[in-house]
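Please open the model in your viewer and keep the sequence beside it while you read.

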Amino acid sequence: MSAAGIGNRLLAALPSGDFALLAPDLERVALDQDALLSRMGDQVEHVVFPHSGVISLMIDMAGGQTVGSAVVGCEGALGTLSVLGSSPSAITAVVRAAGTASRISVSRFHAAFSRSPAIRRAVQSHITAMLVQLQLGGACNALHPVEARMARWLLSFRDRIDTDVLPLTQEALSEILGVRRTTVTLLMRNLRASGAIRSDRRGHIEIDPIRLAAAACECHGTIRLEVEKIFSTVTAPSGNPGLARSRTLDQR
């Protein structure tokens with residue numbers, strides 16, 4: 001496995017020597033649709049680097065309600081907060097769009113992290129971007145209309161899987177938005193009437209990104225900029241300085 005041939009942008013941006021500290025322990029795994037990668041309160045066992053697909057980070061409330069707090073795709077990783085210390089997971093991670101990933105045990109990742117300044121820079125930049133996403137997500141959930149929030153989430157998924165047909169159900173959206181299924185049905189009807197959603201067939205939602213962007217709140221653009229900041233501070237692999245930029249999130 002080489003850094004240049006891997007699908008995860010965070011790993012691909014590492015210098016080859018630093019990536020080599022991780023490569024022998026990276027395991028290729030499938031991200032199956034709706035798979036539960038971690039549950040709130042469980043001990044974190046792996047750091048997961050998606051190559052494709054989308055993972056939503058969920059907050060589970062004591063009364064059974066849920067709400068989405070952030071999203072991770074090929075630009076980032078799941079479990080990097082473990083470098084701050086051993087503690088139970090604060091979120092539940094659910095695969096919302098199937099794909100593949102590389103994963104490494106927390107202990108082996110921490111060993112490489114302690115040896116490599118480049119890995120530390122990459123992780124610090126990624127954690128900063130994730131914290132901004134979590135903070136903005138909390139503010140967005142409290143202050144912005146639910147229709148604008150749904151448009152933001154749909155665009156965030158589209159950024160990461162680069163297709164206008166999203167493998168999402170209305171049930172999944174109700175869990176992410178923290179609202180009833182009937183509310184999602186009404187929102188879908190409104191967005192369909194405006195042309196922001198072209199169709200909503202079972203298990204798939206086809207969107208018009210430009211019209212959907214007009215319905216979304218400003219949080220989508222702000223969070224996307226924070227994602228791109230990661231790669232302004234992570235060194236690209238030697239001999240290929242453009243690689244860290246080659247998979248910039250779609251700007252349409």
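The tour below goes from the whole chain to one helix and then to some paired strands.

This is a predicted model, in which local features need pLDDT of at least 70 and side-chain atom pairs count only at pLDDT 80 or more, while totals for chains, interfaces and linings use all residues. Residues are numbered from 1 along each chain as its sequence is written, and side-chain values use heavy atoms, with hydrogens and water left out.

Select the whole chain and colour it by secondary structure: there are nine helices and ten strands, where helices (H or I, at least four residues) and strands (E, at least two) are DSSP runs numbered from the N terminus. Of its 252 residues, 49% count as buried, that is, under 20% relative accessible area with a 1.4 Å probe, protein chains only.

Next, select residues 117–143, which form helix H4 with 27 residues. From its first C-alpha to its last, H4 reaches 39 Å, close to the 39 Å expected at 1.5 Å a residue; the expected span is 1.5 Å times one less than the number of residues. Show the side chains of its buried residues, among them Ala118, Ile119, His126, Met130 and Cys140.

Now move to strand S7, residues 99–105, and add strand S1, residues 27–31, which pairs with S7 in the antiparallel sense over five bridges; strands pair if DSSP finds at least two bridges between them. Within this pair, Arg28 stands opposite Ser102 in S7.

Finally, add strand S3, residues 46–50, which also pairs with S7 in the antiparallel sense over five bridges, and find Val47, which stands opposite Ile104 in S7.

Definitions and conventions. Buried < 20%, exposed > 50% of the residue type's maximum accessible area, 1.4 Å probe, protein only.
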